[in-house]
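Visitor: I am new to this structure and should be grateful for a close look at one part of it. Would you please take me through the salt bridges, and explain where each partner is placed?

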Amino acid sequence: MAFISSFYSRAFHFSAPKNHIMKLTRLRVVDNSELGQKAMAEGKPPKCIHIYNKKGIGTIGDKILVAIKGEKQKAIIVGVKKKQPKNIPSCDTNNIVLIDEAGSPLGTRISLPIPIMLRTILKKKNLGVKGVDYTKLLAIAKTFV
């Protein structure tokens, strides 16, 4: 009888799923950049390989490094599945926008609505980093939620 109970305890997982953006999390590119569109069409979404903050868990507005189609590319998180505070809406998927080294987006349009709070979050991040300007990212968004 002990064998059967140990078998079932190994087969089932009782912990809640983690909806944070950590290393090796699959992401969805929501801009119309050529690299992102090819990866999503082939069914090979980008994966997070590094998060540029001290916690190691990404939230809205964080800069991350992703592996997409065998290349390393930087991105900004614009939506997460994780339960958010009251003023930030949560999404069905973990969404990113690909950027270059200067902080300008690779695409010309963002297809999904992005949270309004992203403006204040990115404005704070602009003050600390020299040479990076995220205003272009906010300018190409169609709608805000």
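Guide: What follows is an account of the salt bridges, pair by pair. The model is a predicted one, and a search of the whole structure finds three salt bridges.

Let us begin in helix 2, which spans residues 34-41. Here the side chains of Lys38 and Glu34 form a salt bridge, with a distance of 3.6 Å from N to O. Because the two residues stand four apart in this helix, about one helical turn separates them. Glu34 counts as exposed, at 60% relative accessibility, whereas Lys38 is partly exposed, at 44%.

The next pair joins Glu42 to Lys69, at 3.0 Å from N to O. Glu42 belongs to the loop between helix 2 and strand 2 (47-51), and Lys69 to the loop between strand 3 (63-68) and strand 4 (71-79); the salt bridge therefore ties together parts that lie 27 residues apart in sequence. Glu42 is partly exposed, with a relative accessible area of 47%, and Lys69 is likewise partly exposed, with 37%.

There remains the pair of Glu101 and Lys74, whose closest N and O atoms are 3.2 Å apart. Lys74 lies in strand 4, while Glu101 lies in the loop between strand 5 (95-99) and helix 3 (117-128), so this pair too connects parts 27 residues apart in sequence. The two partners have contrasting surroundings: Glu101 is exposed, at 60% relative accessibility, but Lys74 is buried, at 16%, because a residue under 20% relative accessible area is classed as buried.

Definitions and conventions:
Residues numbered from 1 in each chain as written. Predicted model: local features only at pLDDT ≥ 70, side-chain atom pairs only at ≥ 80, totals over all residues. Heavy atoms only, no water. Salt bridge = Lys/Arg side-chain N within 4 Å of Asp/Glu carboxyl O. Buried < 20%, exposed > 50% of the residue type's maximum accessible area, 1.4 Å probe, protein only.
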